[in-house]
Amino acid sequence: MGQASSPVLILLAFGFFFATYNLVTMTMHNRSIGKWVYDDSDGEAFFDPVIEMPEEVKKPKNARMPFHVALTATDAPYSKWQCRIMYYWYKKNRDLSGSEMGGFTRILHSGKPDNLMDEMPTVVVDPLPAGLDRGYIVLNRPWAFVQWLEKTTIEEEYILMAEPDHILVNPLPNLARGGLPAAFPFFYIEPAKFENIVRRYYPEEKGPVTDIDPIGNSPVIIKKELLEKIAPTWMNVSLKMKNDKETDKAFGWVLEMYAYAVAAALNDVQHVLRKDFMLQPPWDLSTRNFFIIHYTYGCDYNLKGQLTYGKIGEWRFDKRSYLRGPPPKNLPLPPPGVPESVVTLVKMVNEATANIPNWDAE
């Protein structure tokens, strides 16, 4: 990274001024919806889920672009068991046809090693100074990336920013195109809805708030050089947002996601939006043509297979049921009628827990 993004200097910048922005000329306009296109290899029609991908940046066939998988985590039992399952499925998919995954790093922002250091490649970085995250633990994520990028050399040109509650359900190719990073669009990230607040961090001279992508930092596949430029801005915007009571109240648990989206736009970086990047049970019903299962929502059903979201079901799988330790092996499968995505999720959790050594250890 450049001289303005040294971790020491960034820490000194916690007076909440914005770091000097390294701007990247990487713009993209005139968003359009996906369309039916044809694969030249066999003439088969398929839906192009890419929003606003210029023809000139379509990926050439047979061109492999490996990316490094970077997973930020804490040393809490809740984080550990999710990381172990994520890493298991990373290893299962890494070398399959269609995958462009390269190396893997768990970025542990607890400041000290833990008992998973020998199980998966891990780099330990410091948490934010005590009290600075105000109990919002994900505020450590951008600071973790700043440190990791400063202290680590990876051979891949691209990085996937992943999270512990991601399961790779299919081999993941590099979805970035022509230097443009790829991201999953979240329906609840709505910069235009909060324009008055967003303008505190994204001034009018930068352009319309619609230039801010409806994304968080994960999942995102991005060139390392772009992430090196965005990360310090992302960190400072996150801290400034958290320090503003109105912003904190408006954005709540997705504040850090808004901060990444704003930081990218401040650096003139926009993303190719891929709806097929990730599915989220129980709302997405099938895993077909998706790459990552994100099990952030609880899955509650009655014994007739009917969703009872918001009410604890007769059958349920919710990661929050296992805050203090890992889920048991061989979880019961959901009743008949439950969507394939939920069935697949439980089966994949069960396969991982059956094959990871010393699963019950914290």
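A residue is called buried when its relative accessible area is under 20%, exposed when that area is over 50%, and partly exposed in between. These legends describe a predicted model.

**Figure 1. Glutamate 190, a partly exposed residue in a loop**. Glutamate 190 has a relative accessibility of 33%, and because this value lies between the cut-offs of 20% and 50%, the residue counts as partly exposed. Its place is the loop that runs between strand E9 (182-183) and helix H4. Along the chain, glutamate 190 and isoleucine 215 are 25 residues apart, and their C-alpha atoms are separated by 9.0 Å.

**Figure 2. The whole protein, as a setting for the close-up views.** Eight helices and 15 strands make up the secondary structure elements of the protein. The chain has 362 residues, of which 57% count as buried. Of the contacts between residues at least 6 apart in sequence, 71% join residues at least 24 apart. The accessible surface amounts to about 16,300 Å², and carbon and sulfur atoms account for 53% of it.

**Figure 3. Isoleucine 221, a buried residue of strand E10**. Strand E10 covers residues 220-223 and contains isoleucine 221. The relative accessibility of isoleucine 221 is 0%; this is under 20%, so the residue counts as buried. Beyond its neighbours within four places in sequence, isoleucine 221 is in contact with a set of residues that includes Phe67, Tyr158, Ile159 and Leu160. Also among its contacts are Leu172, Pro173, Asn174, Leu175 and Ala176. Pro181, Ala182 and Phe277 belong to the list of contacts as well. Methionine 161 lies 60 residues from isoleucine 221 in sequence, while the C-alpha to C-alpha distance between these two residues is 6.5 Å.

**Figure 4. Two cis peptide bonds, at proline 219 and proline 282**. Most peptide bonds are trans. Serine 218 and proline 219, however, are joined by a cis peptide bond with omega of about 0°. Proline 219 sits in the loop between helix H4 (195-198) and strand E10. A cis bond also leads from proline 281 to proline 282, where omega is near 5°. The loop between strand E12 (278-279) and strand E13 (292-294) holds proline 282.

**Figure 5. Asparagine 330 and asparagine 358, each with a positive phi**. Most residues other than glycine have a negative phi. Asparagine 330, although not a glycine, has a positive phi of about 55°. This residue is located in the loop between strand E15 (315-317) and helix H8 (340-355). With a relative accessibility of 65%, which is over 50%, asparagine 330 counts as exposed. Asparagine 358 likewise has a positive phi of about 55° without being a glycine. Its place is in the segment that follows H8. At a relative accessibility of 63%, asparagine 358 counts as exposed.

**Figure 6. The second largest pocket and its lining**. The second largest pocket encloses about 750 Å³ of space. It is lined by 33 residues, and those closest to its centre are Val138, Arg141, Glu163, Asp165 and Lys319. Strand E4 (67-73), helix H2 (77-94) and helix H7 (255-266) are the elements that give two or more residues to this lining. H2 provides the largest share, three residues. By class, the lining of the pocket consists of 15 nonpolar, 12 polar and six charged residues.

**Figure 7. Glutamine 270, a buried residue in a loop**. Glutamine 270 is found in the loop that lies between H7 and strand E11 (272-274). Its relative accessible area is 7%, and because this is under 20%, glutamine 270 counts as buried. Alanine 183 is 87 residues away from glutamine 270 in sequence, and the two are 9.4 Å apart in space, C-alpha to C-alpha.

**Figure 8. Cysteine 83 and cysteine 299, two buried residues**. Cysteine 83 has a relative accessibility of 0% and therefore counts as buried. For cysteine 299 the value is 1%, so this residue also counts as buried. The structure holds zero disulfides.

Key:
Residues are numbered from 1 along each chain as its sequence is written. This is a predicted model: local features need pLDDT of at least 70, side-chain atom pairs count only at pLDDT 80 or more; totals for chains, interfaces and linings use all residues. Side-chain values use heavy atoms; hydrogens and water are left out. Helices (H or I, at least four residues) and strands (E, at least two) are DSSP runs, numbered from the N terminus. Buried means under 20% relative accessible area, exposed over 50%, partly exposed in between (1.4 Å probe, protein chains only). Contact means heavy atoms within 4.5 Å. Accessible areas come from the Shrake-Rupley method with a 1.4 Å probe; for residues, only the protein chains shown count as cover. A disulfide is a pair of cysteine sulfur atoms within 2.5 Å. On a 1 Å grid over the protein atoms alone, a cavity is a set of points where a 1.4 Å probe fits but cannot get out, and a pocket is an open set with protein on both sides within 12 Å along at least five of seven lines; lining residues have an atom within 4 Å of a point. Grid points are joined across faces, edges and corners, and a volume is the space filled by probe spheres set on the points. Ala, Val, Leu, Ile, Met, Phe, Trp, Tyr, Cys and Pro count as nonpolar, Asp, Glu, Lys and Arg as charged, and the others, Gly among them, as polar.
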